[in-house]
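Please open the model in your viewer and keep a selection box at hand. The tour moves from one selection to the next and says what is there.

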Amino acid sequence: MFDAFDPIVLARIQFAFTVSFHFIFPAFSIGLASYLAVLEGLWLRTGKQVYLDLFRFWIKIFAIAFAMGVVSGIVMSYQFGTNWAVFSDKTGPILGPLMAYEVLTAFFLEAGFLGVMLFGMKKVGKGLHFAATCCVATGTFISAFWILSANSWMHTPTGFEINTAGQFVPGPSWAAIIFNPSFPYRLAHTVIGAYLTTALVVGAAGAWHLLKARRGKSAPSTGSTEPSVAAASPHPTASNEAARTMFSMAMWMAALVAPVQIFAGDRQGLNTLEHQPAKVMAMEGHYESHPDGAPLILFGVPNAREKRIDYSIEIPKVSSLILKHDLNAPLAGLDTIPDDREPPVAIIFWSFRVMVGLGMAMLGLGLWSLVARVRGRLYDWTWLHRAALVMGPAGFVAVIAGWITTEVGRQPFTVYNLLRTTHSASPLAAPAVGASLVAFVVIYFAVFGIGTWYILKLIQKGPQAGEPYIQDAPIRTAGIMPSPAQHPTEVQQ
């Protein structure tokens, strides 16, 4: 079935699929862990029940997302040995320790305090529980630190030597490897993106319940004298205060952080122009060099055969203004890059525009919410709530589009300019790679699809007034009966 396919292409598709699926969950859990720390801190400071209700609500979703992120990450790591053994052998002395540092610091920190955070609120003091939440949030950031350091080194490799076996080995200082030229910019851009992704999900949840509450108020009366379902429920949905709090906090995040993210993205773009110019040429669609100022191509259809952008919509010289801060600054094009070093333009061209377009939409949503807030209509503007609901998944799409731009733009290399992708793969048979790819697709959509569906069901249900904790009853080992002193009423019965 797969005999006609290139096994390296199939291996790349498989890794792209698994890593894209995996990053959806860390992009959410990194921001959500910090959001939980903020909620618990506000509850401890103010004593307001709404913050505790939201903390108990979102911690359930965090637990599911965190678990799916861990599982998908473990599966992904095996592909370094199965599909990319040559890459693993040549880069192992550099990337192996970096990945080990991530486990020894971030993962152990998260694993050590996750149980206290999830199940310990009634078993430890408030201060210790808050410290555990902060440790988990810190662990997610440290994890991003090491993973992005390793990935950034592949884009801007520094601080290495090559031994007689052709392996990349550490040079005199690990600092040059860890803090490689692109790392600080990519760390800031990725972590801020995770915070925005979480804010949009939280904002969409708040908007959903504000809209649902408005529909409930506008529903025609049936004339029945029976109490409503909400009134009869022991834990009525906190669709007013909790939804307003979620929506307000998320919109503050969008309004204040979206401009910061655009600035961070601009700085990363300038860094990429310095170290990976071919990637920026593909992002901009510049097949030709422009000695007197390059246009900003808004839209068009990349034509790889003719080396041009068909049906392009351009703004003259604006690309030079953005990249060089000079309207007339010259910009080199892909005509200066050998064909065998040119990245796939069409994929990068469109993924970059998806990312930037969604970033502008996030900025617009944040500014719109500021206008509504100033006018005292933040909780009343139906179209703002609908827009926030539509923008709920935008953060996930934007971060995946950003990763596609980054990773495809590195091609045809795994270690930029030093190790080609075609020289990094294991001795592969196309049917074997194709069969495992199909298995991954089926299993991932089944398992993680169910998990995602359950998260959406929890969000749809919404936070409750007096939200129950994850585990209110003591956990007992199976087969061990409680003593009379523990549950005297049960013994009497």
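The stops below cover a bent helix, a group of salt bridges, a cavity and a pocket.

This is a predicted model, in which local features need pLDDT of at least 70 and side-chain atom pairs count only at pLDDT 80 or more, whereas totals for chains, interfaces and linings use all residues. Residues are numbered from 1 along each chain as its sequence is written, and side-chain values use heavy atoms, with hydrogens and water left out.

**Helix α4**

Select residues 85–119, which form helix α4; helices here are DSSP runs of H or I with at least four residues, strands are runs of E with at least two, and both are numbered from the N terminus. The end C-alpha atoms of α4 span only 40 Å, where a straight helix of 35 residues would span 51 Å, the expected span being 1.5 Å times one less than the number of residues. Now centre on Gly 92, where α4 bends by about 85 degrees and is followed within four residues by a proline, Pro 93; the bend is the angle between axes fitted to the seven residues ending at a position and the seven starting there. Among the buried residues of α4 are Phe 87, Thr 91, Ile 94, Leu 95, Glu 102 and Glu 110, where buried means under 20% relative accessible area, exposed means over 50%, and partly exposed lies in between, for a 1.4 Å probe and protein chains only.

**Salt bridges**

Next, select Arg 186, Glu 407 and Arg 410, which are linked in a network of salt bridges; a salt bridge is a side-chain nitrogen of Lys or Arg within 4 Å of a carboxyl oxygen of Asp or Glu. Arg 186 pairs with Glu 407, their closest N and O atoms being 3.9 Å apart. Arg 186 lies in helix α7 and Glu 407 in helix α14, so this pair ties together parts that are 221 residues apart in sequence. The relative accessibility of Arg 186 is 5%, so Arg 186 counts as buried, and Glu 407 is buried as well, with a relative accessible area of 19%. Glu 407 also meets Arg 410 in a salt bridge at 2.1 Å, N to O, and Arg 410 is likewise buried.

For another pair, move to Arg 308 and Glu 306, whose closest N and O atoms are 4.0 Å apart. Arg 308 is partly exposed at 41% relative accessibility, and Glu 306 is partly exposed at 46%. The whole structure holds 8 salt bridges.

**The cavity**

Return to Arg 186 and add His 155, Ser 182, Gln 268, Asn 271, Thr 272, Gln 276, Lys 279 and Thr 406 to see the lining of the largest cavity. On a 1 Å grid over the protein atoms alone, a cavity is a set of points where a 1.4 Å probe fits but cannot get out, a pocket is an open set with protein on both sides within 12 Å along at least five of seven lines, and lining residues have an atom within 4 Å of a point. About 40 Å³ of space lies in this cavity, and its lining holds no nonpolar, 7 polar and 2 charged residues.

**The second largest pocket**

Finally, select His 189, Gly 265, Phe 352, Met 355 and Val 356, which are the closest to the centre of the second largest pocket among its 42 lining residues. Helix α9 gives the most to this lining, with 9 residues.

Note on methods: Points joined across faces, edges and corners; volume = space filled by probe spheres on them. Nonpolar A, V, L, I, M, F, W, Y, C, P; charged D, E, K, R; others polar.
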